[in-house]
Amino acid sequence: MAAAQADNNNNNNGAAVWIFGYGSLCWYPGFQYEKCITGYIRGYVRRFWQGNTTHRGTLEKGITWGCAFKVTGQLALDYLKQRECTLGGYQTDYIKFFPRKASEWSGISGQAFPALVYIATPKNDLWIGEEPMVVTARQITQCQGPSGHNVEYLIRLAIFMREELPGASDEHLFELEGLVRRFVAEANVTISSLLGSAPRRIRRDSHEEVRRHVSFEFTARVPEKKLRCLHI
């Protein structure tokens, strides 16, 4: 999932745009950007309730932590339209993004600002909906596609949350991670063998000593069955 907030109404003329990601964008954005900060949006929660032959959403009250990327120009937005809407079945809505900390480096005052968010809803053909956690975990353990394994999506997202947002709670994500790790171990497979190539390092919240592995490279890799985050 991603969200974007333009500094003015015409991005074709090079206006800066902030793109918020709470799923694979946290560790594999797939586009070039100028800056990256962590923060959250309200009124949404991260759930793994959507299947997809090309990607990895739901409506509900809560807080979803992620990160925002500042980009200039139309290229990233065109890429996200293809990745999130055309291939992912997402719809868009406007919400507020809350930066984790004010920063001169990021040009953010610490106040919330409008953001365009891409969300999965039951209106698309790829929607799975709520199901027992064990069923979801089994599906993640067993499914993969052109983008890699579903286990990679889940584990790298959990790593992002622990390394960069250690105080943030996401019980759904971590309970799912525990089940998936157990099922992978029962299958005598190592987690590392399902993670693919290690993503590159990226600097987030540079006003703090926060670092993280992530990839900048555009990728056409998309898994056969990717479960996505949700707006509820």
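Reader: Which helix is T141 found in?

Author: T141 is found in helix 2. Keep in mind throughout that this is a predicted model.

Reader: Is T141 buried or exposed?

Author: T141 is buried, with a relative accessible area of 17%. The cut-off for buried is under 20%.

Reader: What is T141 in contact with, leaving aside its neighbours in sequence?

Author: Beyond four places in sequence, T141 is in contact with H149, V151, V180, F183 and V184.

Reader: And which other residues of helix 2 are buried?

Author: Helix 2 covers residues 133-142. Its buried residues are M133, T136, A137, Q139, I140 and T141.

Reader: What covers them?

Author: The cover includes strand 8 (148-149), helix 3 and helix 4 (171-186).

Reader: Let me step back. How many helices and strands does the chain have?

Author: There are four helices and ten strands. Along the sequence they follow the pattern β-β-β-β-α-β-β-α-β-β-α-α-β-β.

Reader: How much of the chain is buried?

Author: Of the 232 residues in the chain, 58% are buried. The accessible surface comes to about 10,400 Å², and carbon and sulfur atoms account for 49% of that surface.

Reader: Which residues in the largest nonpolar core touch the most other members?

Author: I19, F31, F48, F97, V151 and L157 do, in a core of 59 residues. Helix 3 (residues 150-164) supplies the largest share of this core, with eight residues.

Reader: F31 is on that list. What does F31 form an aromatic pair with?

Author: The structure has nine aromatic pairs. In one of them F31 meets F69 edge-to-face, at 5.6 Å centre to centre and with 80° between the planes.

Reader: Are those two rings' residues buried or exposed?

Author: F31 is buried, at 5% relative accessible area, and F69 is buried too, at 0%.

Reader: Which aromatic cluster are they in?

Author: F31 and F69 form one aromatic cluster together with Y33 and Y79.

Reader: New topic, strands. What does strand 5 pair with?

Author: Strand 5 (residues 91-99) pairs with strand 3 (residues 35-44) in the antiparallel sense, over three bridges. Strand 5 also pairs with strand 6 (residues 113-119), again antiparallel, over seven bridges.

Reader: Which residues stand opposite each other there?

Author: Between strands 3 and 5, G39 stands opposite P99. Between strands 5 and 6, K96 stands opposite P114.

Reader: Where is F98?

Author: F98 is in strand 5. At 16% relative accessibility, F98 counts as buried.

Reader: What does F98 touch?

Author: Not counting residues up to four places away in sequence, F98 touches G39, Y40, I41, R42 and A112. G39, already mentioned, is the residue opposite P99.

Reader: How many residues apart in sequence are F98 and A112?

Author: F98 and A112 are 14 residues apart in sequence, and their C-alpha atoms are 4.5 Å apart in space.

Reader: On to cysteines. How many disulfides does the structure hold?

Author: The structure holds zero disulfides. C36, for instance, is in no disulfide; its nearest cysteine sulfur belongs to C67, 4.2 Å away.

Reader: Why is C67 not bonded to C26, then?

Author: The sulfur of C26 is the closest cysteine sulfur to that of C67, but at 4.1 Å it is too far for a bond. A disulfide needs the two sulfur atoms within 2.5 Å, so that pair does not count as one.

Reader: Are C36 and C67 buried or exposed?

Author: C36 counts as buried, at 0% relative accessibility. C67 is buried as well, with a relative accessible area of 0%.

Reader: One more. Where is N188?

Author: N188 is in the loop between helix 4 and strand 9 (201-203).

Reader: Is N188 buried or exposed?

Author: N188 counts as exposed, at 73% relative accessibility.

Reader: What is phi of N188?

Author: Phi of N188 is near 60°, which is a positive value in a residue other than glycine.

Terms used:
Residues are numbered from 1 along each chain as its sequence is written. This is a predicted model: local features need pLDDT of at least 70, side-chain atom pairs count only at pLDDT 80 or more; totals for chains, interfaces and linings use all residues. Side-chain values use heavy atoms; hydrogens and water are left out. Helices (H or I, at least four residues) and strands (E, at least two) are DSSP runs, numbered from the N terminus. Buried means under 20% relative accessible area, exposed over 50%, partly exposed in between (1.4 Å probe, protein chains only). Accessible areas come from the Shrake-Rupley method with a 1.4 Å probe; for residues, only the protein chains shown count as cover. A nonpolar core is a set of buried Ala, Val, Leu, Ile, Met, Phe, Trp, Tyr and Cys residues joined through side-chain atoms within 4.5 Å. Contact means heavy atoms within 4.5 Å. Two strands pair if DSSP finds at least two bridges between them. Rings of Phe, Tyr and Trp (its six-membered ring) pair if their centres lie within 6.5 Å; planes under 30 degrees apart count as stacked, over 60 as edge-to-face and the rest as tilted.
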